[in-house]
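Please open the model in a viewer and keep a selection tool at hand. The tour below moves from the whole chain to individual residues.

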Amino acid sequence: MRTRRLLTLTAFTLIAGTAASLPALAADAHHHHHGDSHASAPTLHLNAGRQWATDAPLRQSMAGINQAMAKALPAIHHDRFGDADYDALAAAISRHVAHAVEHCKLAPEADAQLHLVIAELLAGAEAMEGKAATPRHDGAVRVLQALKAYQKYFRHPGFKASGA
């Protein structure tokens, strides 16, 4: 348990600097230039026009996050999701992210792209815990945006992002 928390904290610390919003990252993806030493923060992009490969641990973790969000969405939409509910959802997301970080083995380029999605998932979870200057609801929106980006940029057969 302590190892997972440490891995999650380490992963978050390493990628926190890349936690810009995914819509902006996706919109700017066509401006990304490899090898440019003056390039801005990394952006989500496809792998030469194709989705990035995934592995079973990543697919399992992302499916778990997606299922947790799908289950929570009706209550969130009807404003029947309390602080304790947001805390529990954020904890579930963090557990799934920790599992992915611990067990997922992707090629370096795919892993770098995944870190952008993970940064958004963790930032959304943090907001759902009330640790950000935004409403908890906004954290759920951020997680949904990360799931949509994952669906767009990563090959995960049958994956359909919640709320999409």
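Begin with the whole protein chain in cartoon representation: six helices and zero strands are assigned. Read from the N terminus, the order of elements is α-α-α-α-α-α. The coordinates belong to a predicted model. Colouring by accessibility shows that 41% of the 164 residues of the protein chain count as buried. If a contact map is available, consider the contacts with a separation of 6 or more: residues 24 or more positions apart account for 72% of them.

**Helix 3 and helix 4**

Select helix 3, residues 56–77, together with helix 4, residues 83–103. Their axes lie 8 Å apart and the packing angle is about 170 degrees. Helix 3 is therefore roughly antiparallel to helix 4, since an angle over 145 degrees counts as such. To display the contact, show the side chains of P57, L58, Q60, S61, G64, I65, A68, M69, A72 and I76 on helix 3. On helix 4, the residues to show are Y86, L89, I93, H96, V97, H99, A100 and H103. Coloured by class, the contact of helix 3 with helix 4 divides into 12 nonpolar, six polar and no charged residues.

Next, pick A56, which lies in helix 3. A56 counts as partly exposed because its relative accessibility is 48%. Draw a distance from the C-alpha atom of A56 to that of H103: the value is 9.1 Å, although the two residues are 47 residues apart along the chain.

**Helix 3 and helix 6**

Keep helix 3 selected and add helix 6, residues 136–153. At what angle do the axes of helix 3 and helix 6 cross? The crossing is at roughly 140 degrees, and the axes come within 11 Å. The arrangement of helix 3 relative to helix 6 is therefore oblique. The handedness of this crossing is left-handed.

On the helix 3 side, the contact is made by L58, R59, M62, I65, N66, M69, L73 and I76. On the helix 6 side, select H137, A140, V143, L144, L147 and Y150. By class, the contact of helix 3 with helix 6 has 11 nonpolar, two polar and one charged residues. L58, I65, M69 and I76 are listed in the contact with helix 6 and also in the contact with helix 4.

Now centre the view on N66, a residue of helix 3. Is N66 buried or exposed? N66 counts as buried because its relative accessibility is 10%. Expand the selection to the contacts of N66, leaving aside its neighbours within four places in sequence: these are L147, F159, K160, A161 and S162.

**The aromatic cluster**

From N66, step to its contact F159 and display the aromatic rings. How many aromatic pairs does a search of the whole structure find? The search finds three. One of the pairs is Y150 with F154, a stacked arrangement with 5.4 Å centre to centre and 15 degrees between the planes. Both of these residues are buried. Another pair joins Y150 to F159: the ring centres are 5.0 Å apart and the planes stand at 80 degrees, so this pair is edge-to-face.

Select Y150, F154 and F159 at once, since ring pairs link them into a cluster. Y150 counts as buried because its relative accessible area is 0%. F159 is likewise buried, with a relative accessible area of 11%. Y150 also belongs to the helix 6 side of the contact with helix 3.

**Two loop residues with positive phi**

Finally, turn to the loops and list the backbone torsions. Most residues other than glycine have a negative phi. Select A48, in the loop between helix 2 (22–28) and helix 3. Phi of A48 is near 55 degrees, a positive value in a residue other than glycine. A48 counts as exposed because its relative accessibility is 78%.

Then move to the loop between helix 3 and helix 4 and select D79. D79 has a positive phi of about 50 degrees, although it is not a glycine. Its relative accessible area of 71% is why D79 counts as exposed.

Terms used:
Residues are numbered from 1 along each chain as its sequence is written. This is a predicted model: local features need pLDDT of at least 70, side-chain atom pairs count only at pLDDT 80 or more; totals for chains, interfaces and linings use all residues. Side-chain values use heavy atoms; hydrogens and water are left out. Rings of Phe, Tyr and Trp (its six-membered ring) pair if their centres lie within 6.5 Å; planes under 30 degrees apart count as stacked, over 60 as edge-to-face and the rest as tilted. Buried means under 20% relative accessible area, exposed over 50%, partly exposed in between (1.4 Å probe, protein chains only). Axes are lines fitted to C-alpha atoms, for helices over the stretch in contact, and angles run from 0 to 180 degrees between N-to-C directions. Helices (H or I, at least four residues) and strands (E, at least two) are DSSP runs, numbered from the N terminus. Angles under 35 degrees count as roughly parallel, over 145 as roughly antiparallel, 65 to 115 as roughly perpendicular and the rest as oblique. A crossing is left-handed if the near helix is turned anticlockwise from the far one by less than a right angle, and right-handed if clockwise. Contact means heavy atoms within 4.5 Å. Ala, Val, Leu, Ile, Met, Phe, Trp, Tyr, Cys and Pro count as nonpolar, Asp, Glu, Lys and Arg as charged, and the others, Gly among them, as polar.
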